[in-house]
Amino acid sequence: MHTASEIEAMIVRDIQFILRMRRARAEFFDGNLFADPAWDMMLDLMEARLRGTEILTSSLCMAASVPATTALRWIKNLTEKGILVRRADDADKRRVYVALSDAAASAMMDWFELVHRQKTTIGF
């Protein structure tokens with residue numbers, strides 16, 4: 001049985017692997033063919049949550065691997081759906097942090113637990 005911190009460390013490694021492999025596809029196919037900025041943002045924010053770090057809107061836009069205007073539209077859409085939450089920086093109101101909502105983070109944890117159960121089932 002794994003401890004909570006071991007599980008979180010495994011999920012961080014899974015997220016890093018998924019993001020690396022998603023970006024590696026661009027070496028073989030047109031990068032726009034697989035654009036999925038919402039998922040890339042959610043993975044980036046989940047990793048940040050597990051590491052205890054905060055992500056600025058500008059950094060999240062870069063993580064989405066799409067033009068900034070497209071990323072900002074996705075951030076707005078995901079915020080309206082309750083998946084993301086935004087918080088102004090107390091020290092500099094021009095800076096805005098973005099995070100997964102608690103409900104979205106919980107759903108992502110459930111998804112990663114399913115992934116781990118499936119990997120165990122197939123001996124991966």
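Start by selecting strands E2 and E3, which pair in the antiparallel sense over 5 bridges. You are looking at a predicted model, so keep that in mind at each stop. Strands of a sheet pair through backbone hydrogen bonds, either parallel or antiparallel. For one example of a facing pair here, click on Leu84, which stands opposite Leu100 in E3.

Now add strand E1 to your selection. In what order do the strands of this open sheet run? The order is E1-E3-E2, with antiparallel pairing. Strand E1 (55-56) and strand E2 (84-88) each have a single partner strand and stand at the edges, so one side of each has no neighbour in the sheet.

**Stop at Leu56**

Stay with E1 and pick Leu56, which has its place in this strand. Setting aside residues up to four places away in sequence, Leu56 touches Arg95, Val96 and Tyr97. Next, try a distance from Leu56 to Ala88: they are 32 residues apart along the chain, and their C-alpha atoms are separated by 9.4 Å.

**Step back to the whole chain**

Zoom out and colour by secondary structure. You should find 5 helices and 3 strands. Following the sequence from start to end, the pattern is α-α-β-α-α-β-β-α. Along the principal axes, the C-alpha atoms fill a box of roughly 50 × 35 × 25 Å. Of the 124 residues in the chain, 36% are buried. Taking contacts between residues at least 6 apart in sequence, 56% join residues at least 24 apart.

**Look inside**

Next, find the largest nonpolar core, which has 28 residues. Which of them touch the most other members? Select Ile15, Leu45, Met46, Leu60, Leu84, Leu100 and Met108. At least two core residues come from each of helix H1 (4-24), helix H2 (37-51), helix H3 (57-63), helix H4 (68-80), strand E3 (96-100) and helix H5 (102-121). H2 gives the most, with 8 residues.

Click on Met46 and show what surrounds this side chain. Beyond its neighbours within four places in sequence, Met46 is in contact with Ile15, Leu100, Ala105, Met108 and Met109. Then move to Met42, in helix H2. Is Met42 buried or exposed? Its relative accessibility is 13%, under the 20% cut-off, so Met42 counts as buried. With neighbours within four places in sequence left out, the contacts of Met42 are Ile83, Leu100 and Met108. You can also draw a C-alpha to C-alpha line from Met42 to Ala63: they are 21 residues apart in sequence and 9.7 Å apart in space.

**Two helix packings**

Two packed helices are described by the angle between their axes and the distance between the axes. Show H1 and H2 together first. Their axes come within 10 Å and cross at roughly 150 degrees. Angles over 145 degrees count as roughly antiparallel, and H1 and H2 are therefore roughly antiparallel to each other. Their crossing is left-handed. To see the contact, select Glu8, Ile11, Val12, Ile15, Gln16, Ile18, Leu19 and Arg22 on H1, and Trp39, Asp40, Leu43, Met46, Glu47, Leu50 and Arg51 on H2.

From that contact, keep Arg22, found in helix H1. Arg22 counts as buried because its relative accessibility is 17%. Apart from residues up to four places away in sequence, Arg22 touches Phe34, Asp36, Trp39, Asp40 and Leu43.

Now hide H2 and bring up H5 beside H1. At what angle do H1 and H5 pack? The angle is about 85 degrees, with the axes 11 Å apart. H1 and H5 are therefore roughly perpendicular to each other. The residues making this contact are Met10, Ile11, Asp14, Ile15 and Ile18 of H1, together with Met109, Trp111, Phe112, His116 and Lys119 of H5.

**Last stop: a loop residue**

Finish in the loop between H3 and H4, where Ser65 lies. Most residues other than glycine have a negative phi. Ser65 is not a glycine, yet it has a positive phi of about 60 degrees. At 47% relative accessibility, Ser65 counts as partly exposed.

How values were computed: Residues are numbered from 1 along each chain as its sequence is written. This is a predicted model: local features need pLDDT of at least 70, side-chain atom pairs count only at pLDDT 80 or more; totals for chains, interfaces and linings use all residues. Side-chain values use heavy atoms; hydrogens and water are left out. A nonpolar core is a set of buried Ala, Val, Leu, Ile, Met, Phe, Trp, Tyr and Cys residues joined through side-chain atoms within 4.5 Å. Buried means under 20% relative accessible area, exposed over 50%, partly exposed in between (1.4 Å probe, protein chains only). Helices (H or I, at least four residues) and strands (E, at least two) are DSSP runs, numbered from the N terminus. Contact means heavy atoms within 4.5 Å. Two strands pair if DSSP finds at least two bridges between them. Axes are lines fitted to C-alpha atoms, for helices over the stretch in contact, and angles run from 0 to 180 degrees between N-to-C directions. Angles under 35 degrees count as roughly parallel, over 145 as roughly antiparallel, 65 to 115 as roughly perpendicular and the rest as oblique. A crossing is left-handed if the near helix is turned anticlockwise from the far one by less than a right angle, and right-handed if clockwise.
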